[in-house]
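Please follow the chain through its helices, their bends and the side chains packed between them, keeping the coordinates at hand.

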Amino acid sequence: MSKQPQPISPLKNFFAGGFGGVCLVFAGHPLDTIKVRLQTQPKPKPGESLFYAGTIDCFKKTLAKEGVKGLYKGMAAPIIGVTPMFAICFFGFGLGKKLQQRTPDDILTYPQLFAAGMLSGVFTTAIMAPGERIKCLLQIQATTGQVKYAGPMDCVKQLYRESGIRGVYKGTALTLMRDVPASGMYFMSYEWLKNLLTPAGRSHNELSIPSVLFAGGMAGIFNWAVAIPPDVLKSRFQTAPEGKYPNGFRDVLRELIREEGVVSLYKGFNAVMLRAFPANAACFLGFELAMKFLNWLAPNL
C-alpha cells in the first residue's frame, strides 16, 4: 500500500511530468539512437559481418563518423514530442489514481496503481504513435543512406500524401500493445520501490535523491522488460515498405521468429537497458523535484 499525504493533482502531474520528460531525453537520447540503429541494421550478406558488432561498437563508429552531435541526432523531435507526452503520461496516471479513490486520502493498492498506469499508456499512444513512426523513419535514413525526408514535418506531409491519416498512424496497435502493459508496470514498480525505500514512519517526500534515482531507474528497467518484444516488432513494422506485412504485426512476428528465432524479440536489449536506467532515473528525479516546487508554489491546487 502507498501513503499519499498530498491530494493527487492531475494538473501538477501534467507540468511535473513534462519537466521529467525533458530530463529523460537529455539523459537517454544517445542510447536511443544506438538502439534504433542496432534494431534496424540490414542483415549481412553471406561472408560479411554486421556493420555494428554491438552497442559499444555502434557507439564508437557513430562518434568517430559523426561526433557527439551524431548521438543527439533527431533530438528536437523527442523534446517537442516527449515533453507533452510525459506531461500527458503523468497526467493520465494522476487521473487514473484519482478516479479510483473514493475519498482524497484513500490509499491505492498495487493492482489499482497498475490500472492507473495502464490508463496513462492509452493516453500517450494517441500522441506517441505518429511521433514514434516519424522518429524511426528519420533515424534509419542515416543508416540506409537514402535521404527521403528533409525533417519531421516533411515526413508527416509525405506520409499523409501517400496514405492519409492511416500512414501517419501506422503501428498504433503495436504501440498500444507496448505502452499499455509497460506503463502499468512502470508506475506500479516505481511506487513499490518508493515504499520499499521509505523508512518506517517516514513519508515519501523525505526520500533521498539517490533513492529516487534508484527507484526511477529500476522502474524504467521493469517498464522495458515488458515493452521490448512489441517494440522490436513495432520498429520493424513502422519502417517496412508499404504492403510488406499485409496482416500487420502477426506477419512481422512470424518472419522474425522464422528467420532469427525468439531471441531476436530482445534485439537491442543492452542498449535499451543501459539507457532505461539513467534516463528514467533522470525523469523521476525531475518529476519529484518539479512536484516539490509546484506543491510549494500552489499548495492548494
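Helix α4 carries a kink of about 45° centred on T125, where the bend at a residue is the angle between axes fitted to the seven residues ending there and the seven starting there. Helices here are DSSP runs of H or I of at least four residues, strands are runs of E of at least two, and both are numbered from the N terminus. This is a predicted model, in which local features need pLDDT of at least 70 and side-chain atom pairs count only at pLDDT 80 or more, while totals for chains, interfaces and linings use all residues. Residues are numbered from 1 along each chain as its sequence is written, and side-chain values use heavy atoms, with hydrogens and water left out.

The span of α4 can be set beside its kink: the end C-alpha atoms are only 45 Å apart, whereas a straight helix of 35 residues would span 51 Å at 1.5 Å a residue, the expected span being 1.5 Å times one less than the number of residues. Just after α4, G145 adopts a positive phi of about 80°.

Within α4 lies R133, which is buried, with a relative accessible area of 3%; buried means under 20% relative accessible area, exposed over 50%, and partly exposed in between, with a 1.4 Å probe and protein chains only. Leaving out residues up to four places away in sequence, R133 touches L159, G167, V168, K170, Q238 and E242, a contact being heavy atoms within 4.5 Å.

Helix α5 (residues 152-168) departs from a straight course as well, bending by about 110° at E162. Its 17 residues would reach 24 Å as a straight helix at 1.5 Å a residue, but the end C-alpha atoms are only 11 Å apart. The buried residues of α5 are C155, Q158, L159, G167 and V168, and α4 is among the elements that cover them.

From these bends the path leads to the packing between helices. The largest nonpolar core has 30 residues, and those with the most contacts inside it are L24, F86, F90, Y186, F187 and F284; such a core is a set of buried Ala, Val, Leu, Ile, Met, Phe, Trp, Tyr and Cys residues joined through side-chain atoms within 4.5 Å. At least two residues of this core come from each of α1 (10-40), α3 (76-100), α4 (110-144), α6 (172-197), α7 (209-239) and α9 (269-297), and α9 gives the most, with eight residues. Y186 is in contact with F86, A219, G220, N223, N280, C283 and F284, residues up to four places away in sequence not being counted. A second, separate core of 16 residues includes W224, A227, V272 and M273.

Aromatic rings deserve a closer look. The structure holds 18 aromatic pairs, where rings of Phe, Tyr and Trp (its six-membered ring) pair if their centres lie within 6.5 Å, and planes under 30 degrees apart count as stacked, over 60 as edge-to-face and the rest as tilted. The rings of F90 and F284 have their planes at 75° and their centres 5.6 Å apart, so this pair is edge-to-face. It links distant parts of the chain, with F90 in helix α3 and F284 in helix α9, 194 residues apart, and both residues are buried. F90 also pairs with F287, in this case stacked, at 4.3 Å centre to centre with 25° between the planes. This second link again joins helix α3 to helix α9, F90 and F287 being 197 residues apart, and both of these residues are buried. Ring pairs link F86, F90, F93, Y186, F187, Y190, F284 and F287 into a cluster.

A loop residue adds another set of contacts. L265, in the loop between α8 (249-260) and α9, is buried with a relative accessible area of 11%. Apart from neighbours within four places in sequence, L265 is in contact with I228, P229, V232, L233, L253 and L256. Its C-alpha atom is separated by 7.9 Å from that of P230, 35 residues apart along the chain.

The UniProt record, an unreviewed entry, lists "repeat: Solcar" at residues 8-99, 108-196 and 207-293; its positions are given in the numbering used here, feature names are shortened, and annotations may be inferred rather than shown by experiment. Over residues 8-99 the chain is 78% helix and 0% strand, with the end C-alpha atoms 10 Å apart, while residues 108-196 are 87% helix and 0% strand, with end C-alpha atoms 15 Å apart.
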